[in-house]
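Trainee: Can we walk through this one together? I'd like to get the ground rules straight along the way.

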Amino acid sequence: MDKATIELLARRAGLAKALAEFPDDVAYAAKQAADVVSKIKQPTDPAAEPWPPMRAGRRASSGCR
């Protein structure tokens, strides 16, 4: 990720002060985030859910009340 993109994303995320005071840290965090995003597997089915659907009004089977 280039410097201009990092600066733009940081400002849009409200991190202008962090960018001004700790530019190396913000760049490192952006690199880490880009690495994580590249490792996430996108579902092949757009309707697929990453976990079972949640239903209102149903209790968990753990026995907690």
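Mentor: Sure, definition up front: helices (H or I, at least four residues) and strands (E, at least two) are DSSP runs, numbered from the N terminus. This is a predicted model, where local features need pLDDT of at least 70, side-chain atom pairs count only at pLDDT 80 or more, and totals for chains, interfaces and linings use all residues. Residues are numbered from 1 along each chain as its sequence is written, and side-chain values use heavy atoms, with hydrogens and water left out.

Trainee: What pattern does the protein follow along the sequence?

Mentor: There are three helices and zero strands. Read from start to end, that gives α-α-α.

Trainee: Where is P23 placed, and is P23 buried, partly exposed or exposed?

Mentor: P23 sits in helix α3. Buried is under 20% relative accessible area, exposed is over 50%, and partly exposed lies in between (1.4 Å probe, protein chains only). Because P23 has 42% relative accessibility, the label is partly exposed.

Trainee: How far apart are the C-alpha atoms of P23 and I6?

Mentor: Along the chain, P23 and I6 are 17 residues apart. In space, their C-alpha atoms are separated by 9.5 Å.

Trainee: Which residues make up the largest nonpolar core?

Mentor: A nonpolar core is a set of buried Ala, Val, Leu, Ile, Met, Phe, Trp, Tyr and Cys residues joined through side-chain atoms within 4.5 Å. Here the largest one has five members: I6, A10, L19, V26 and A30.

Trainee: And which elements give two or more residues to this core?

Mentor: Two helices qualify: α1 (3–12) and α3 (23–39).
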